[in-house]
Amino acid sequence: MTILTEVQRRLLRTILERGAEGASQALSRWLGEEVRLVLGEVEQIELEEAAEALGPPESLVAACRMGLVGPIGGSLLLCFEDHAGLALVDLLLHQPVGTTTEWGEVEQSAAMETTNIVGCAYLNALASHLPSSLGAGSSAMSTAGELAPTPPVFFHEFAGSLLQFALMDQAQELDRVLLVRTNFELGGDGAGLDWTLLFVPDAPSLAAMASALTDGNAS
């Protein structure tokens with residue numbers, strides 16, 4: 001599997017940071033108040049380590065997975081500790097934090113719509129700043145402008161088993177994922193919720209991205 005260098009991870013973070021800016025603007029419009037997404041470092045870690053990063057194995061985690069089609073194949077997962085995900089739902093429904101205590105249909109829809117907004121912003125940034133020739137020679141890739149997500153799928157699993165379910169179709173080739181911790185800051189009172197973004201490109205896409213980031217073709 002391709003391992004990104006520190007410089008490549010830093011360039012990728014710069015691109016995703018532009019996506020976070022777009023996601024912040026979109027979420028602010030949706031919520032009707034200022035929202036800011038703050039990214040941590042991009043880490044490329046083993047799958048087992050990523051599961052540990054989501055919380056204790058027996059703790060419940062909510063996550064939404066979007067598949068990627070076009071020049072980059074793979075998956076994008078937005079994961080929330082249970083209390084953070086439910087608090088997000090309360091914010092979206094304009095009710096006091098703590099009101100929502102379980103994941104019903106409305107609550108799952110709110111999480112998936114959030115993932116759709118955030119995920120599309122990140123993918124737009126990748127499509128805009130990686131070269132259109134990305135992945136040339138791979139049958140799974142065409143042009144960067146065609147990068148698109150599949151509809152989000154909601155998961156509510158124990159942290160220790162979430163990734164096995166969410167990434168089942170990539171399990172055969174997968175041993176590492178790209179992890180980006182994200183803090184969701186709302187309004188001016190400093191209230192924040194911790195999310196974890198998992199970007200899991202397939203092997204050809206990761207190799208092509210590494211080449212693009214190495215060649216300095218990312219803008």
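Trainee: Is arginine 176 buried, partly exposed or exposed?

Mentor: Start from relative accessible area. Partly exposed is the band between under 20%, which is buried, and over 50%, which is exposed. Arginine 176 has a relative accessible area of 25%, so it is partly exposed. Bear in mind that this is a predicted model. Arginine 176 lies in strand E6.

Trainee: Which residues does arginine 176 contact, leaving aside neighbours within four places in sequence?

Mentor: Arginine 176 is in contact with Met1, Ile3, Gln44, Ile45, Glu46 and Leu47. Take Leu47 further. Arginine 176 and leucine 47 are 129 residues apart along the chain, yet their C-alpha atoms are separated by 5.1 Å.

Trainee: What share of the contacts between residues at least 6 apart in sequence joins residues at least 24 apart?

Mentor: For the protein, that share is 74%.

Trainee: Stay in E6. Is threonine 182 buried or exposed?

Mentor: Apply the same reading. Threonine 182 is in strand E6, residues 176–186. Its relative accessibility is 3%, so threonine 182 counts as buried. Now list its contacts, not counting residues up to four places away in sequence. Threonine 182 touches Leu37, Val38 and Leu39. It also touches Tyr122, Leu193, Asp194, Trp195 and Leu197.

Trainee: Zoom out. How many helices and strands does the protein have?

Mentor: The secondary structure comes to 6 helices and 7 strands. From the N terminus on, the order is α-β-α-β-β-α-α-β-β-α-β-β-α. Of the 219 residues, 50% count as buried.

Trainee: How do I read a pair of strands?

Mentor: Look at direction, bridges and the link. Strand E2 (residues 60–69) pairs with E3 in the antiparallel sense, over 8 bridges. Glycine 67 stands opposite serine 75 in E3. The two strands form a hairpin, with 4 residues between them. In the turn, glycine 70 has a positive phi of about 110°.

Trainee: And side chains on a strand?

Mentor: In a regular strand the side chains alternate between the two faces of the sheet. Here, check burial too. In strand E3 (residues 74–81), 7 of the 8 residues are buried, so E3 is largely enclosed by the rest of the structure.

Trainee: Now helices. How do I check the span of a helix?

Mentor: Compare an expected span with the end-to-end distance. H1 covers residues 6–31, which is 26 residues. At 1.5 Å a residue, H1 should span 38 Å. Its end C-alpha atoms are 35 Å apart, which agrees.

Trainee: Which residues of H1 are buried?

Mentor: The list runs along the helix: Gln8, Leu12, Arg13, Ile15, Leu16, Gly19, Ala20, Ala23, Ser24, Leu27, Ser28 and Leu31. Just after H1, glycine 32 takes a positive phi of about 80°.

Trainee: How do I describe two packed helices?

Mentor: Two packed helices are described by the angle between their axes and the distance between the axes. Take H3 (residues 82–92) and H4 (residues 105–129). They pack at an angle of about 90°, with their axes 9 Å apart. H3 and H4 are therefore roughly perpendicular to each other. By class, their contact has 4 nonpolar, 1 polar and 1 charged residues.

Trainee: Which residues meet there?

Mentor: From H3, Leu88, Val89 and Leu92. From H4, Glu107, Ala110 and Thr114.

Trainee: How many residues of H3 are buried?

Mentor: 10 of its 11, so H3 is mostly covered. Among them are Asp82, Gly85 and Asp90.

Trainee: What about the far end of H4?

Mentor: Histidine 129 lies in H4. At 19% relative accessibility, histidine 129 counts as buried, because the cut-off is under 20%. Its C-alpha atom is separated from that of leucine 12 by 9.6 Å, and the two are 117 residues apart along the chain.

Trainee: And the loop between H3 and H4?

Mentor: Leucine 93 is found there. At 36% relative accessibility, leucine 93 counts as partly exposed. The C-alpha atoms of leucine 93 and valine 106 are separated by 9.7 Å. Histidine 94 is also in this loop. With a relative accessible area of 57%, histidine 94 is exposed.

Trainee: What should I check in the backbone?

Mentor: Look at the sign of phi. Most residues other than glycine have a negative phi. Histidine 94 has a positive phi of about 55°, although it is not a glycine.

Notes. Residues numbered from 1 in each chain as written. Predicted model: local features only at pLDDT ≥ 70, side-chain atom pairs only at ≥ 80, totals over all residues. Heavy atoms only, no water. Axes fitted to C-alpha atoms, helices over the stretch in contact; angles between N-to-C directions. Parallel < 35°, antiparallel > 145°, perpendicular 65-115°, else oblique. Contact = heavy atoms within 4.5 Å. Nonpolar A, V, L, I, M, F, W, Y, C, P; charged D, E, K, R; others polar. Expected span 1.5 Å × (residues − 1). Buried < 20%, exposed > 50% of the residue type's maximum accessible area, 1.4 Å probe, protein only. Pairing = 2+ DSSP bridges.
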